[in-house]
Amino acid sequence: MKQKIYAMGMAAALLFSLAACGNAGKDAGQLSSSGRPPQDSSVRLENPVSLEGKKVETVQTLAEPFSTYSEFSKFETETVSVVRGVVTDVEYFARGKNAFTKMDLDISESVLGDFVKGDTISVYKWGGYIPLSVSNPDIQERFPEITDEELENTVVDMRIDGDPHPVAGQDIVVFLAAVNPENQMYSIVGGHYGQFTNDGTDQFTRHLEQTGSTDQTTGYALTGQPEIDRSQMTGTNRAFTFEQLKAETLEALSKS
């Protein structure tokens with residue numbers, strides 16, 4: 001019997017080792033306004049999750065309450081940079097029983113911080129694909145009908161509030177938290193709450209789930225948590241032009 005899964009309060013901190021290979025000096029002949037050439041500090045994952053030939057099951061998780069990041073000023077204590085860029089590559093990885101997405105971002109404009117146009121960085125966010133054997137290592141004890149082959153050939157699509165996974169070519173604006181010096185990857189402040197995506201008409205919006213309900217289910221579900229009432233989020237998902245987003249961001253953070 002299929003049920004819904006709800007996982008509360010994903011941890012924001014990641015302290016793990018990744019194989020990184022930055023390529024400093026990309027387009028070295030093209031100096032930025034800061035006087036330094038653009039740099040490629042993107043990260044290569046050592047063991048990204050492969051989807052090839054896998055069966056995919058989907059679960060829905062719930063993140064922190066939206067009120068934490070309802071206004072730009074709420075980002076102030078965690079944000080070190082705000083940038084606009086194009087997603088050039090997407091990979092998935094697991095840490096513990098949680099799924100994460102790593103995307104490489106080619107920066108087109110730095111709104112706040114020390115990045116320059118042409119820099120390439122790696123950014124991670126909550127949600128992604130994770131092997132079923134990793135997310136639920138004891139699942140066969142609860143569901144004996146699952147074969148070893150099915151266990152090894154199933155991945156779980158873990159979506160935070162139903163947030164779509166990024167794809168190459170997307171034009172996004174992200175609020176970035178401090179880099180983890182161990183792996184050179186930045187995190188998005190508040191997960192998907194700190195990402196604004198161009199909808200194709202040069203309007204930037206966030207993905208905001210109005211309630212905790214979802215039709216995404218999995219056949220290997222645990223007992224679900226109660227749904228969260230998020231009706232207070234109605235009307236908060238504004239659309240911005242990039243200039244509006246930039247101006248309101250800088251104004252709000254300067255007053256914080």
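How many bridges pair strand E2 (residues 79–95) with strand E3 (residues 98–112), and in which sense? There are 13 bridges, and the sense is antiparallel. The close-up views below start from this pair.

The model is predicted: local features need pLDDT of at least 70, side-chain atom pairs count only at pLDDT 80 or more, and totals for chains, interfaces and linings use all residues. Residues are numbered from 1 along each chain as its sequence is written, and side-chain values use heavy atoms, with hydrogens and water left out.

**Figure 1. Overview of the protein chain.** The protein chain holds four helices and ten strands. Both are DSSP runs, numbered from the N terminus: helices are H or I with at least four residues, strands are E with at least two. Along the sequence they follow the pattern β-β-β-β-β-α-α-α-β-β-β-β-β-α. Of the 256 residues, 46% count as buried (under 20% relative accessible area; exposed is over 50%, partly exposed in between; 1.4 Å probe, protein chains only). Among contacts (heavy atoms within 4.5 Å) between residues at least 6 apart in sequence, 73% join residues at least 24 apart.

**Figure 2. The seven-strand sheet.** This open sheet has the order E8-E4-E3-E2-E7-E9-E10, with mixed pairing. Two strands pair if DSSP finds at least two bridges between them. Strand E8 (186–187) and strand E10 (204–205) are the edge strands, each pairing on one side only. Within the E2–E3 pair, Val86 has Asp106 in E3 as its bridge partner. Helix H4 packs on the sheet and touches E2, E3, E7, E9 and E10. The direction of H4 makes about 95° with that of E3 (axes are lines fitted to C-alpha atoms, for helices over the stretch in contact; angles run from 0 to 180 degrees between N-to-C directions).

**Figure 3. The largest nonpolar core.** A nonpolar core is a set of buried Ala, Val, Leu, Ile, Met, Phe, Trp, Tyr and Cys residues joined through side-chain atoms within 4.5 Å. This one has 18 residues; Phe72, Val173, Phe175, Phe196 and Leu245 touch the most other members. Strand E7 (171–177) and helix H4 (242–255) each supply at least two of its residues. H4 gives the largest share, four residues. Beyond its neighbours within four places in sequence, Val173 contacts residues including Val82, Phe196, Phe242 and Leu245. Apart from this core lies another, of 13 residues, among them Ile107, Phe115, Ile121 and Ile188.

**Figure 4. Thr197 in strand E9.** Thr197 lies in strand E9 (residues 195–198). Thr197 counts as buried because its relative accessibility is 19%. Leaving aside neighbours within four places in sequence, Thr197 contacts Gln170, Asp171, Ile172, Gln203, Phe204 and Thr205.

**Figure 5. The three-strand sheet.** A second view shows an open sheet in the order E1-E6-E5, with mixed pairing. Strand E1 (55–61) and strand E5 (128–131) stand at the edges with a single partner strand each, so one side of each has no neighbour in the sheet. The twist averages 30° from one strand to the next. E5 and strand E6 (residues 154–160) run antiparallel and are joined by four bridges. Pro131 stands opposite Val155 in E6.

**Figure 6. Asp148 in helix H3.** Asp148 is found in helix H3 (residues 148–152). Its relative accessibility is 57%, so Asp148 counts as exposed. The side chains of Asp148 and Gln140 make a polar contact of 2.9 Å (a pair of N or O atoms within 3.5 Å; within protein, one must be able to donate a hydrogen and the other to accept it, and residues adjacent in sequence count only if both atoms are side-chain atoms). Asp148 and Ser133 are 15 residues apart along the chain, with their C-alpha atoms separated by 9.5 Å.
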